[in-house]
Amino acid sequence: MLAVTELKPLNMKYIFVLLKNDLALAKEEVLSLINSKSCELIENVLVLCTSKKNERISINEAAKRLAYTNSISLLLFESDYKNFLKCMENFNWNSVYKGSFCVRIKKLFPEFSDFNNKKSNGKNAFKEIFSESNIASYIWKNVKKPKVNPRLARAMVNLTKAGKNELILDPFCGSGGILIEAGLISLKAIGFDINKKMIWKSMVNLRHYKIKNYELEVKDFFSIDRKYKFIVSDLPYGLNAAIMGKVRITKSNKKLLKKYIEKFYFDVIKKLELILIKRAVIIFPSYVNYKKLLKKSKLKLKSEFESYVHGNLTRKILVLEK
Ligand SMILES: C[S@@+](CC[C@H](N)C(=O)[O-])C[C@H]1O[C@@H](n2cnc3c(N)ncnc32)[C@H](O)[C@@H]1O
């Protein structure tokens, strides 16, 4: 069982997915370019251990040159079926996470696992455990406070149509992903977050990018008392949102939870209506019935887009106007 990520120049094991037609030629081509300490061919997948010291050409250069290789990936860990989920849990996904990820299962061999021997539902259990969405959930849980990816943040800022030196507010700024992109294109970035630690993180990140024109404040969104022309934000997700509203809900209390979550997002829309002057670009979790909530407000939905996160988790990007 292999878990792979995008290419990374480390002294480690790599996976070369070879063209199936001419495996011997494809393998020899790889070994002609890369000095390997050891290698193993599993069907059309060549697992190769290389060290930077002995490198003739870098993996990235090889990726450009190789004719009979479809893709090259870094091997993160190897495990059997039994220990796979434990490995998924223990791996430090933050060390490779760069803002987004995608899980793809290339091939499974249920016959080599002991799941088939399990009672009548053994087969389903196997399928469920080794589904892309279940495996993705292990990465998702492990990656703390996923940031909005820089490309999306930049596009969201541009969607406001704000001109140079104009001001962009992110009232749920987290670690400052949106503020950085606004700052990098010479807009003034203002960030609020209810969590002091996040404001600190934003400050560190903005300084890192040498952005000078910004203001940060520990502030509850619902206490904002002035208006802003442009607002761009990635709203808090699900249960956290409810907790922030000082409501503790148990898992068994799902109906109440749904009600509180809906109320939170409705309150956000109503507040937005009060503080927005011109245009807002907001990320909503896709499970929120924002159309129903927007009907009860004066905000106009100008356009909406979908952004894929992982498995069945997508987010909606809404462009709203006063
Ligand atoms: C989804 S995160 C934002 C992520 C951010 N876009 C980034 O790139 O890091 C939502 C943030 O909203 C903050 N938050 C939750 N409730 C809030 C409230 N009532 N007022 C202000 N911030 C709040 C949380 O502390 C969290 O940092």
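Helices and strands here are DSSP runs, numbered from the N terminus. With that in hand, Lys298 is easy to place: this residue sits in the loop between helix H11 (290-295) and strand E11 (300-310). What you're looking at is a predicted model, a protein with eleven helices and twelve strands. Here's a quick tour.

**The protein as a whole**
- Of the 322 residues of the protein, 26% count as buried.
- Take the contacts between residues at least 6 apart in sequence, and you'll find that 67% of them join residues at least 24 apart.

**How far to trust it**
- Mean pLDDT for the protein is 84, with 82% of the residues reaching 70 or more.
- Over residues 5-10, pLDDT stays under 50, and the model has 16 contacts beyond four places in sequence for this stretch.
- Residues 241-246 also have pLDDT under 50 throughout, and here the model has 14 contacts beyond four places in sequence.
- Where pLDDT is low, don't read the predicted coordinates in detail.

**Helix H8**
- H8 covers residues 196-208, and at 1.5 Å a residue its 13 residues should span 18 Å; the end C-alpha atoms are 19 Å apart, which agrees.
- Met198, Ile199, Ser202 and Leu206 are the buried residues of H8.
- Those buried residues cover an arc of only 100° around the axis, so they're on the same side of H8.
- Turned away from that buried side is a face with the exposed residues Lys196, Lys197, Val204, Arg207 and His208.
- Covering the buried residues of H8 are, among others, helix H7 (177-184), strand E7 (188-193) and strand E8 (214-218).
- Lys210 follows H8 and has a positive phi, near 55°.

**Helix H1**
- In H1 (residues 23-33), the buried residues are Ala26, Glu29 and Val30.
- Looking down the axis of H1, you'd see these buried residues fall within an arc of 95°, so they line one face of the helix.
- The face of H1 turned away from the buried side carries Ala24, Leu25, Glu28 and Ser32, which are exposed.
- Strand E2 (13-18), strand E4 (45-49) and strand E5 (69-78) are what the buried residues of H1 pack against.

**Around the ligand**
- There are 19 residues around the ligand, and the ones that come nearest are Phe172, Gly174, Gly177, Phe221 and Asp234.
- H7 and E7 are the elements that give two or more residues to this shell.
- Sorted by class, the shell has eleven nonpolar, four polar and four charged residues.

**A few loop residues to look up**
- Back to Lys298: this residue is exposed, with 11 other C-beta atoms within 10 Å.
- Lys298 and Glu321 are 23 residues apart in sequence, and their C-alpha atoms are 8.9 Å apart in space.
- Glu43 is in the loop between strand E3 (38-42) and E4, and its phi is near 50°, a positive value in a residue other than glycine.
- Glu43 counts as exposed, since 11 C-beta neighbours lie inside 10 Å and the cut-off for exposed is 12 or fewer.
- Ser186 lies in the loop between H7 and E7, and here too a residue other than glycine has a positive phi, near 65°.
- Ser186 has 12 C-beta neighbours inside 10 Å and counts as exposed.

Terms used: Residues numbered from 1 in each chain as written. Predicted model: local features only at pLDDT ≥ 70, side-chain atom pairs only at ≥ 80, totals over all residues. Helix = DSSP H or I, 4+ residues; strand = E, 2+ residues; numbered from the N terminus. Expected span 1.5 Å × (residues − 1). Buried ≥ 20, exposed ≤ 12 C-beta atoms within 10 Å, placed from the backbone. Arc of directions from axis to C-beta. Contact = placed C-beta atoms within 7 Å. pLDDT = per-residue confidence, 0-100. Near = placed C-beta within 6 Å. Nonpolar A, V, L, I, M, F, W, Y, C, P; charged D, E, K, R; others polar.
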